[in-house]
Amino acid sequence: MNYANISILMSVYYKEDARYFKESLESVIQQTMIPRQIVIVRDGNLTKSLDNVLDNFIETYGYLIEISVIQLQQQKGLGIALNFGLQSCKYDLVARMDSDDHAMENRFEKQIKYLGTHPDIKVLGGQIQEFVNQWNQPFRLRNVPTSSISILKFSRYRNPLNHMTVMFDKKFILDVLDGYHDVPGFEDYELWLRVLKADQSALGNLADILVAARVSNLQERRGGLNYIRQNYLARQTFLRNDLITFKDFVVTVTAGILVSLTPSKLRAAIYKYILRKDYME
């Protein structure tokens, strides 16, 4: 087997679907370069079905790779959970993986090779194809920019990386940037802005599709008063820490309010025709 000296970082909580969790884990094992370690954070108590998936995975693949399970007694949220997990990652390169997505089989190999020839890049993401039921039946892409200048411009208003695709330098994220901060719904975005503030050349994206992302309820989660509040508080944090300008703050908060209050069908159309690109062969 072809192994990679990387740690996979994943967090799972009780609302996840056990079927999707199983598929996500198996997509990691089916890589062209298999990671040496998977760190799974149990963010609070899980359902019996999720526990069964995890137990079966450890029993089936525990002899092939190191599987580290971190138990949080209470649900803490993604940012805090990932920071706990980072402490247990043994390798210099850490790859994020969501518990309901599907990694393309050569994802890790592509990222490792690119980082090996681009030492200035500390965080490397890529493109995603979005799906509802079957990972190999995508209906659209979420394209993110690949050049440093484009990433910087894009980041003023939108998240410049697809979180579930990133691979990063653990020491840089932990020692220089103090890891993830507790910014509900925007933990990764806030971290990338801090990366850019520290070093504008440290973020990168591959043009390749690295992950198939499940998005069945994306528009629902990004609508309503709760999302408006999350967006406002996150942008307020960005502004307070000099990560965005006041103009950026006003534009993004206003846009967030307008999109969130639109009917769900119209919001879905906005995501399809403005914020996403239809998938094409």
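**Aromatic pairs and two arginines: a guided tour**

In this predicted model, the count of aromatic pairs comes to 6. Begin by selecting Y189 and F238, which form one such pair in an edge-to-face arrangement, with 5.1 Å from centre to centre and 65° between the planes. Colour the helices next: Y189 belongs to helix 7 (residues 187-198) and F238 to helix 9, so this pair ties together parts that lie 49 residues apart in sequence. A surface display may now be added. Y189 has a relative accessibility of 2%, and therefore counts as buried; F238 is likewise buried, at a relative accessible area of 0%.

Remain on helix 9, which spans residues 224-240, and select R235 within this helix. Which residues are in contact with R235, leaving aside its neighbours within four places in sequence? They are R156, Y157, F186, Y189, I244, F249, T252 and V253. Y189, already selected as the partner of F238, is thus one of the contacts of R235. Although R235 is buried, this residue has no salt bridge. To inspect this point, select D248, the nearest side chain of opposite charge, and note the separation of 8.2 Å; a salt bridge would require a side-chain nitrogen within 4 Å of a carboxyl oxygen.

F249, another contact of R235, leads to the next stop. Select F249 with Y232 and F246: ring pairs link these three residues into a cluster.

Finally, select R214 and Y20. Here R214 lies over the face of Y20, and the distance from the ring centre is 3.4 Å.

Notes:
Residues numbered from 1 in each chain as written. Predicted model: local features only at pLDDT ≥ 70, side-chain atom pairs only at ≥ 80, totals over all residues. Heavy atoms only, no water. Helix = DSSP H or I, 4+ residues; strand = E, 2+ residues; numbered from the N terminus. Buried < 20%, exposed > 50% of the residue type's maximum accessible area, 1.4 Å probe, protein only. Lys, Arg positive; Asp, Glu negative; His and termini not counted. Contact = heavy atoms within 4.5 Å. Phe/Tyr/Trp six-rings, centres within 6.5 Å; stacked < 30°, edge-to-face > 60°. Lys NZ or Arg CZ within 6 Å of the ring centre and 35° of its normal.
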